Amino acid sequence: MIRIWNAGFKYPGGFVLKPVNFNIAAGSFAVLMGPNGSGKSTLFQLINGIEKPAGGTITVNGSEVAALSDRERARMMGMVPQRSRIIFDYSVDELVSMGRFPYQGLFAGESAEDRAIIDQVIERLDLNDFRDRSIKSLSGGEYQRVLLARVLVQQTEVLLLDEPGNHLDLKHQTLLLNLLREEVGKGKTVVAVLHDLNQALHYADTGLLLNDGECVESGHPADFLTAGLIRDVFGVEMKEYRSADGSVIFGLNP
Ligand code: ADP
Ligand code: MG
């Protein structure tokens, strides 16, 4: 579904993302990991076509993303960026509804189908009680759920989520990850930045670990995450535990 071939990038400021090679199959959950400033969001900008790679190519469903129009991209990929500023004061319902814009004609408003999709997603993200609230009045986690709802109503084959668990409490993080797994089960492709390596181990089918603008490892996280690698890349001592089913869990080393 997503083919990243030798895609690198350089900011005028100096940071260099060295050429990345990574393929993500349709219907899989891919996770991007790495310390702050390692280049995860930069890689997202490339996948989403906001920035053009310096050399190499990125194709989604066979199309080179850099060559797609905004509208074509919006029908193919939905993205929740790591940071987004609230500029206008919409209600929760209004902001979520905007996710349907790529499907609506210039003057055609919302269809009954649009409304049904919006209502269903609002329900799934536990946002019913917030529907009419101003987005400016929400807590960080509530707002994050609104942004996730907006991208879900877009019903794209690909979801790009940069730190989607930001600000979410344990219940809503779990709800989100299970919901994403469900979407993946229906054939969607999810790419998410996750900081919790245990979540990456549990939920992802494939992953990429970045460090200092360089891809250090890729593949199934369980095949490469070790306490030694975590020490080298994150500078943290973690201990490997085994859960009852034999899978690895990383915990702080007391
Ligand atoms: P991550 O998402 O892994 O935390 P980013 O991809 O956001 O990291 O950033 C990688 C590096 O690129 C950082 O050192 C950051 O300061 C730098 N950077 C990010 N955006 C810009 C920009 N627009 N111009 C210059 N440097 C940038
Ligand atoms: Mg980032």
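These legends describe close-up views of a predicted model with its ligands.

Residues are numbered from 1 along each chain as written, with chains lettered from A and ligands numbered from 1 in the order written. Local features need pLDDT of at least 70, side-chain atom pairs need pLDDT 80 or more, and totals for chains, interfaces and linings use all residues; side-chain values use heavy atoms, without hydrogens or water.

**View 1. Protein donors of the magnesium ion (ligand 2).** Ser41 (OG) and Gln82 (OE1) lie 2.0 to 2.1 Å from the ion. Donors are N, O and S atoms within 2.8 Å of the metal (3.2 Å for Na, K and Ca); water is not among the atoms, so sites may look incomplete. The two donors are 41 residues apart: Ser41 sits in helix 1 (residues 40–47), Gln82 in the loop between strand 6 (77–80) and helix 3 (92–97). Helices (H or I, at least four residues) and strands (E, at least two) are DSSP runs, numbered from the N terminus.

**View 2. Exposure of Ser41 and Gln82.** Ser41 is partly exposed at 27% relative accessible area. Gln82 is also partly exposed, at 33%. Buried means under 20%, exposed over 50%, partly exposed in between (1.4 Å probe, protein chains only).

**View 3. Polar contacts of ligand 1.** A polar contact here is a pair of N or O atoms within 3.5 Å. Backbone N or O atoms of Gly37 and Ser38 lie 2.7 Å and 3.1 Å from oxygen atoms of ligand 1. A polar side-chain atom of Ser41 lies 2.9 Å from a ligand 1 oxygen. Alone, ligand 1 exposes 570 Å², and the protein buries 59% of that (Shrake-Rupley method, 1.4 Å probe).

Key:
A polar contact is a pair of N or O atoms within 3.5 Å; within protein, one must be able to donate a hydrogen and the other to accept it, and residues adjacent in sequence count only if both atoms are side-chain atoms.
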